[in-house]
Every structure is written in C-alpha cells, then in structure tokens.
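Trainee: I have a new model open and I'm not sure how to read it. Could you walk me through it?

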Amino acid sequence: MKPRTFLESLMKRIFRRRDRAEAKEEEDLEAIAAKEQKMFKYETLMAATRNFSPKQRLGEGGFGPVFKGRLEDGREVAVKRLGRGSRQGGREFTNEAMLLSRVQHRNVVNLYGYCSHADERLLVYEYVPNESLDKLLFSRRGGGGGDEPEVGRRRVELMDWKRRYEVIVGVARGLLYLHEDAHTPIIHRDIKASNILLDDRWVPKIADFGMARLFPEDLTHVNTRVAGTNGYMAPEYVMHGSLSAKADVFSFGVLVLELISGQKNSSFVPNAEADSLLEWAWKLFKKGRSLEMMDPTMRSTAVTEQVAMCVHIGLLCTQSDPKLRPHMKRVVVILSKKPSTLEEPLRPGILGSRYRRRAHGTRGSSYSLGESSSGTTSASNSTSTYASTSNLNNTATTSTPTTARSQTPHSEQHSIEH
Ligand SMILES: Nc1ncnc2c1ncn2[C@@H]1O[C@H](COP(=O)(O)OP(=O)(O)OP(=O)(O)O)[C@@H](O)[C@H]1O
C-alpha cells in the first residue's frame with residue numbers, strides 16, 4: 001500500500017473529526033428534542049385532531065391540509081399534514097423540523113414539534129385563533145366597487161390604522177429575527193398576507209417559515225410552490241432565481257403597501273394613474289400625494305405621519321435593485337424612531353429595464369445604509385422628513401413627505417406582476 005502523505009493523514013483526521021462532530025450534533029439535537037418533547041407520536045396527533053376529522057380542518061395550502069387539534073395537556077394546536085413533495089427521508093425531515101422548532105419569537109408562529117410516521121410527515125404549530133391577515137384585509141368588494149356594508153364595517157372595526165401599524169412593526173421584527181437572530185438564518189421566501197396570522201391579542205405571527213428546508217430542492221413541482229407567491233416575489237428572484245434576505249424585504253414592502261391601501265397587489269384594479277399597486281404608490285409618492293392610497297376604511301383612525309412613512313418604507317423595500325433595499329434591521333430602526341429622515345426610493349420594477357441601467361444608489365442624511373448599488377450618488381440625492389403627528393380626518397393630502405429634491409420621473413412603466 002502506498003505510504004500516506006502527511007497531507008492525506010491530516011485530511012483524514014480532519015474528516016473523521018468532522019463526522020464525529022456532526023454525529024455528536026445530531027445526537028445532541030435528538031436529546032434536546034426528546035427532552036423538550038418536540039417529537040409527537042402519530043397516535044397523539046390522531047387523538048388531538050379526532051382522526052383528522054374534516055370538521056377539524058382549518059384549510060389547505062400548497063403544502064397540505066391543516067387541522068385544528070387539542071393536546072392532552074390542553075394546548076390548542078394546528079397540525080399541518082405535509083403533502084407528497086415533503087416525503088424526504090424521516091431522518092432528514094426530523095433534523096430540519098427539530099432545528100425549526102427551536103425558532104422562537106413573539107412574531108413567528110411557534111412550531112411545537114413534528115411527527116414522522118411511515119410516509120407521513122406532520123408539523124405541529126401553536127394554534128393562532130384569529131384569522132390570517134388576508135381574510136381581514138382583502139374582504140371582498142361588492143359589484144359596485146365599494147365594500148359590501150357588513151364587510152366594510154368589519155374592516156373598520158378590526159383593521160384600524162393602529163392595528164395595521166402594529167402588524168407592520170411585528171412582521172418587521174419577526175423577519176429581522178428570522179434573518180439575523182435565529183440560531184440558523186432563515187429566508188422565508190413566501191411572506192404574504194395569508195402567511196401572517198393574528199393571535200387573540202392581534203399580535204401578528206409569521207407562519208410557514210422554513211418550508212424550503214423541509215422540501216427537497218430537486219422536486220420541480222415543489223420548487224415551484226416553495227418559490228413564492230405571485231405579486232410578492234422579488235423581480236431578481238423571479239427572473240434569475242437569485243435569492244437573498246432582500247427577496248423577503250421586497251415581499252415585506254408589498255405587504256406594507258397592501259396594508260395601507262387594503263388592496264391586494266396581485267389583483268390590483270387598475271386606475272387612471274397606474275396598472276399596479278407599486279406603480280400607483282410610486283406615482284403618488286413622487287407627487288407628494290402618498291396618503292391618497294390609503295384604504296378609506298381606516299382613514300378616520302390614520303396617523304398621517306406614520307402612514308406616509310410606511311408608504312416610504314414600502315417603496316424603499318420594493319426597489320428594483322436588491323442592494324438598494326434596506327435590511328430588516330434598518331426597517332425596524334426606522335419604524336422605532338421618529339421623526340426620521342429617509343432617502344428617496346428609486347422606482348419599483350423589474351431588473352434589466354432601461355431604468356435599472358440608469359439608476360444609481362441614493363443616500364439620505366439621517367441613516368447610514370451600509371449598502372449602495374455602485375457607490376455612485378446620483379443627482380437625486382434627496383431625502384424626506386416626516387414631522388408632526390396628527391390624526392387624519394378624511395383629508396388625504398396633508399402631511400405628505402417633504403421632498404428636498406425630486407427625481408426626474410421616468411417615462412417607462414414598470415410592473416412586478418407576472
Ligand atoms: N398555526 C395556525 N393556527 C391557526 N390557523 C392556521 C395555522 N396555520 C395555518 N392555519 C390556517 O390553515 C389554513 C391553511 O394554511 P396554510 O398555511 O397551509 O395555507 P395558506 O397560507 O392558506 O396557503 P399557502 O400554502 O399558499 O401559504 C389557513 O386558513 C390558515 O389560516
């Protein structure tokens with residue numbers, strides 16, 4: 001046998017040590033899971049959901065049906081029975097689910113545990129009693145374009161500005177946690193109104209995090225599902241499959257603009273000014289008329305300074321160039337400080353357009369972005385300042401951002417809708 005070189009021996013030792021370390025880590029995780037009782041017996045979940053009775057069914061999403069249940073200790077749970085795409089090996093699933101069940105934050109749905117039984121894979125979440133945000137926000141309109149009276153009343157009562165603002169702040173904090181503070185960084189990939197659940201005190205909770213980890217990457221149909229949802233996906237992700245935390249930032253920006261307007265981006269009804277929600281927000285912002293995009297049902301409760309600032313944040317987050325979008329940390333800082341001075345957002349839209357090639361990073365004076373597309377500062381180095389807090393009483397034109405210098409409007413129209 002050929003004598004081993006020093007390098008070979010060294011490499012072998014390193015690999016052996018790494019294998020041992022990985023096995024140890026796996027054992028540790030299993031021990032933690034057993035101790036924390038994260039692994040549920042199938043029988044326990046059968047009993048909790050009355051044999052997955054149709055009566056217990058909360059709904060069905062792209063990953064499979066969800067059932068309401070009650071554990072023996074009294075905890076109410078939502079059990080997600082994962083569909084075929086999730087049939088990854090039991091061990092692989094267990095490892096991923098175990099890691100995800102350690103994700104804990106006030107604004108993220110708690111994953112109590114999981115179950116792998118024969119070819120069944122199940123996830124056990126805390127039950128979040130109020131509806132998902134989409135059901136409250138996009139309650140459907142009557143034929144005449146206005147809300148049906150009952151639906152409108154419900155929205156006025158349940159979705160006033162204070163609550164919407166709390167949702168914006170809560171989701172921003174939850175996302176920041178997933179991106180930066182969880183033990184393992186998580187890009188959600190599918191931030192949207194139906195993935196924001198509201199608890200009994202209306203605290204927003206991000207659902208469906210980490211699904212990409214539980215679904216094998218090589219299954220094409222699953223990839224399509226995991227990829228995201230129309231109307232929320234960042235253009236660079238749709239077009240080039242380029243994924244970073246900034247793709248979540250984009251989806252967050254869309255969500256913010258939806259919360260303000262009460263309109264769903266993917267089914268935006270074109271108006272005289274724009275064909276898409278983002279374009280509309282952008283155009284109004286450029287004209288200093290941001291507040292006009294406000295959902296009429298929250299007008300009487302709106303704090304104009306906050307609404308204007310949130311439109312601005314929504315536009316910063318949905319900028320075409322991911323490098324120009326702020327990190328969630330910065331969004332949280334902006335939301336917690338007032339008054340604040342922000343840089344002017346560039347137009348939202350699709351990368352690869354004429355606009356993108358001409359656009360350069362802009363910086364505001366109050367916050368250091370720590371990121372710019374090219375280091376070049378364009379002529380539109382303008383900022384907006386939000387002052388005076390006031391309640392809006394059906395006047396949609398006061399307290400718009402004061403723009404130091406406007407950008408030249410561009411003739412091209414961009415839409416992120418596909
Ligand atoms: N933890 C939970 N507590 C209460 N209800 C839940 C919970 N998780 C999911 N649901 C409800 O179960 C239903 C299905 O949810 P699921 O997340 O699987 O799909 P979705 O969000 O509707 O669609 P998609 O798969 O496209 O995200 C929804 O009505 C949702 O509100």
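Mentor: Let's go from the whole chain down to single residues. Keep in mind that this is a predicted model.

Trainee: Fine by me. How many helices and strands does the chain have?

Mentor: Counting them is a good way to get started. Here you'll find 14 helices and ten strands. The chain has 418 residues, and 43% of them count as buried. You can also ask how far apart in sequence the contacting residues are. Among contacts with a separation of 6 or more, 66% join residues 24 or more positions apart.

Trainee: And the domains? Which residues does each one cover?

Mentor: Domain 1 spans 27-130 and domain 2 spans 133-406. Where they meet, 21 residues of domain 1 and 31 residues of domain 2 take part in the contact. On the domain 1 side, the touching residues are eleven nonpolar, seven polar and three charged.

Trainee: Now the ligand. Why does it lie between the domains?

Mentor: Look at who supplies the shell around it. Both domain 1 and domain 2 give residues to that shell, so the ligand lies between them. There are 19 residues around the ligand, and G59, G61, G62, V66 and A78 come nearest. Two elements give two or more residues to the shell: strand 1 (57-61) and strand 3 (76-81).

Trainee: Which strand gives the most?

Mentor: Strand 1, with four residues. Sorted by class, the shell has ten nonpolar, six polar and three charged residues.

Trainee: What about the inside of the protein? What's the general idea of a core?

Mentor: In soluble globular proteins, nonpolar side chains tend to be buried together. In this model, the largest nonpolar core has 94 residues, and V124, V256 and A281 have the most contacts inside it. This core draws at least three residues from each of the two domains.

Trainee: Let me try V256. Which residues is it in contact with?

Mentor: Skip the neighbours within four places in sequence, and you get I168, C310, I313, G314 and C317.

Trainee: I'd like to try a helix too. Is helix 10 mostly covered or mostly open?

Mentor: Compare its buried residues with its length: 16 of the 17 residues in helix 10 are buried, so count it as mostly covered. For its span, go from the first C-alpha to the last. Helix 10 (residues 245-261) reaches 25 Å, close to the 24 Å expected at 1.5 Å a residue. Right after helix 10 comes G262, with a positive phi near 70°.

Trainee: Can a loop residue be read in the same way? Where is V103?

Mentor: Yes, use the same steps. V103 lies in the loop between helix 3 (90-100) and strand 4 (111-117). It counts as buried because it has 20 C-beta neighbours inside 10 Å, and 20 or more is what the cut-off asks for. Setting aside residues up to four places away in sequence, V103 touches V108, L111, A182, I186 and F209.

Trainee: V108 is on that list. Is V108 buried or exposed?

Mentor: V108 is buried, with 24 other C-beta atoms within 10 Å. V108 also has its place in the loop between helix 3 and strand 4. Beyond four places in sequence, its contacts are V103, G174, Y177, L178, K205, I206 and F209.

Trainee: How far apart are V108 and D208 in space?

Mentor: From C-alpha to C-alpha they are 9.1 Å apart, though 100 residues separate them in sequence. For V103 and S244, 141 residues apart along the chain, the C-alpha separation is 19 Å.

Note on methods: Residues numbered from 1 in each chain as written. Predicted model: local features only at pLDDT ≥ 70, side-chain atom pairs only at ≥ 80, totals over all residues. Core = buried A, V, L, I, M, F, W, Y, C linked by C-beta atoms within 7 Å. Buried ≥ 20, exposed ≤ 12 C-beta atoms within 10 Å, placed from the backbone. Domains from an automatic or database assignment. Contact = placed C-beta atoms within 7 Å. Nonpolar A, V, L, I, M, F, W, Y, C, P; charged D, E, K, R; others polar. Near = placed C-beta within 6 Å. Expected span 1.5 Å × (residues − 1).
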